[in-house]
Amino acid sequence: MTSSLLMPRGRPRAGETGGRRTAGSTAPTRILDWQHPQVVSLLQQIDTPANSGADLGHVRQIAALRRAHQWIAAAVRPVYSVQDERPVSEVLRRGRGSCSQRLAVLESVARASGVATRVRGLLVDGSFWYPRFPRLHRIVPDQVLLAWPEFRLEGLPATLHPTAPWLGVSELFGSLDELSDGHGGGFTNAGPETLFDALSRTAVDWDGVTLCPAAGAACDLSAYVLADLGRFGSRDELFTRHGQTLCPAARLLAEPFLGRRRSAGGQVLSG
């Protein structure tokens, strides 16, 4: 049993007919504050010059994003934060963040290097988080809002990527079919691994298009998707339009405790 008591009220959360589309952007936002010295320093550490994306070509752009992902996975400790709108510079300063916040750091790196990003808004059934909170099902929100990043990579071959020039973060380390054939065995949402970290080794498929192995944990997570809200120019725009997973009062009360608690699996009620 999930709960709707902690959800924000008065926010439209139905998928739009035909799907919402956007061209994305490289512009800084309040959340994706990539001009901040904290993000500039990160680019230097992963050897990715600012505004270099257009000159690298899609293969080297993907390589740079993979380096950034690996750095974030190692340096930003996963916690159960519920503040989706926390600026990336603050996440880096604290050295800890939720899956949503760590994905925002990756988006900021992309924008800083000249690669446009956008996010897909997904409403995920709260039961997906039951393995994280086996004794607290009653306080798990019935809907969790995910901001799932996409990167615009010019030259990305449409024969291999039907969504080209856009590459979803699920395919940053290979196509979904390639990742599903690996050693990963899907994502259980129950072990020590975070969803952010799992992207590098297994398919994370929200659309049910992947040929997943018959045995092992699922890589097809489409059964948990309640609604596809479409694409948004930034996560700032998504949260402005649809709110965060928890209402402001719930975030205020929960953040001091959850924001420092190490995630057992990196998933967090804010997505």
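Visitor: What should the 14 residues of helix 5 span at 1.5 Å a residue, and how far apart are its end C-alpha atoms?

Guide: This is a predicted model, and every value here is computed from it. The expected span uses one less than the number of residues. At 1.5 Å a residue, helix 5 should span 20 Å, and its end C-alpha atoms are 20 Å apart, so the two values agree.

Visitor: Is helix 5 mostly covered or mostly uncovered, and how do you know?

Guide: A residue is called buried if its relative accessible area is under 20%. In helix 5, 14 of its 14 residues are buried, and the helix is therefore described as mostly covered. After helix 5 comes Gly114, whose phi is positive, near 100°.

Visitor: How many helices and strands does the protein have, and how many of its residues count as buried, in percent?

Guide: The protein has nine helices and six strands. Of its 271 residues, 53% count as buried.

Visitor: What makes strand 5 and strand 6 edges?

Guide: Four strands form an open sheet in the order 5-4-3-6, with antiparallel pairing. Strand 5 (166-168) and strand 6 (225-232) each have a single partner strand, so one side of each is left without a neighbour in the sheet. Neighbouring strands of this sheet are turned by 25° against each other on average, direction ignored.

Visitor: How do you know that strand 3 and strand 4 pair?

Guide: Pairing requires at least two bridges. Strand 3 (residues 117-125) and strand 4 (residues 143-152) have nine bridges in the antiparallel sense, so they count as a pair. Val119 stands opposite Pro149 in strand 4, and Leu123 stands opposite Leu145 in strand 4.

Visitor: What does helix 5 touch in the sheet?

Guide: Helix 5 (residues 99-112) packs on the sheet and touches strand 3 and strand 4. Its direction makes about 20° with that of strand 4.

Visitor: How many bridges join strand 4 and strand 5?

Guide: There are three bridges, in the antiparallel sense. The cut-off is at least two, so this also counts as pairing. One of the bridge partners is Gly168 in strand 5, which stands with Glu150.

Visitor: Why is strand 4 called largely enclosed?

Guide: Eight of the ten residues of strand 4 are buried, so the rest of the structure largely encloses it.

Visitor: What kind of aromatic pair do Phe128 and Phe187 form?

Guide: The count of aromatic pairs comes to four. One of them is Phe128 with Phe187, at 6.5 Å centre to centre and 50° between the planes. Planes under 30 degrees apart count as stacked and over 60 as edge-to-face; 50° fits neither, so the pair is tilted. The pair links distant parts of the chain, 59 residues apart: Phe128 is in the loop between strand 3 and strand 4, and Phe187 is in the loop between helix 6 (176-180) and helix 7 (195-198). Both residues are buried.

Visitor: What kind of aromatic pair do Trp148 and Trp206 form?

Guide: Their planes stand at 85°, with 5.7 Å centre to centre. An angle over 60 degrees counts as edge-to-face, so that is the name of this pair. Trp148 lies in strand 4 and Trp206 in the loop between helix 7 and strand 6, so the pair ties together parts that are 58 residues apart in sequence. Trp148 and Trp206 are both buried.

Visitor: Which residues form one aromatic cluster?

Guide: The cluster consists of Phe128, Trp148, Phe187, Trp206 and Tyr224.

Visitor: Why does Tyr224 count as partly exposed?

Guide: Buried means under 20% and exposed means over 50%. Tyr224 has 31% relative accessibility, so it falls in between. Tyr224 lies in the loop between helix 7 and strand 6. Residues that Tyr224 touches include Leu123, Ser127 and Phe128.

Visitor: What makes Arg118 count as lying over the face of Trp166?

Guide: The distance limit is 6 Å from the ring centre, alongside a limit on the angle. Arg118 is at 4.1 Å from the ring centre of Trp166, so the distance limit is met.

Visitor: Does Asp47 count as buried or exposed, and why?

Guide: Asp47 has 61% relative accessibility, and the cut-off is over 50%, so it counts as exposed. Asp47 is in the loop between helix 1 (37-45) and helix 2 (53-56). Its phi is near 55°, a positive value in a residue other than glycine.

Terms used
Residues are numbered from 1 along each chain as its sequence is written. This is a predicted model: local features need pLDDT of at least 70, side-chain atom pairs count only at pLDDT 80 or more; totals for chains, interfaces and linings use all residues. Side-chain values use heavy atoms; hydrogens and water are left out. Axes are lines fitted to C-alpha atoms, for helices over the stretch in contact, and angles run from 0 to 180 degrees between N-to-C directions. Contact means heavy atoms within 4.5 Å. Buried means under 20% relative accessible area, exposed over 50%, partly exposed in between (1.4 Å probe, protein chains only). Rings of Phe, Tyr and Trp (its six-membered ring) pair if their centres lie within 6.5 Å; planes under 30 degrees apart count as stacked, over 60 as edge-to-face and the rest as tilted. A charge sits over a ring if NZ of Lys or CZ of Arg is within 6 Å of the ring centre and within 35 degrees of the ring normal. Lists of a residue's contacts leave out its neighbours within four places in sequence.
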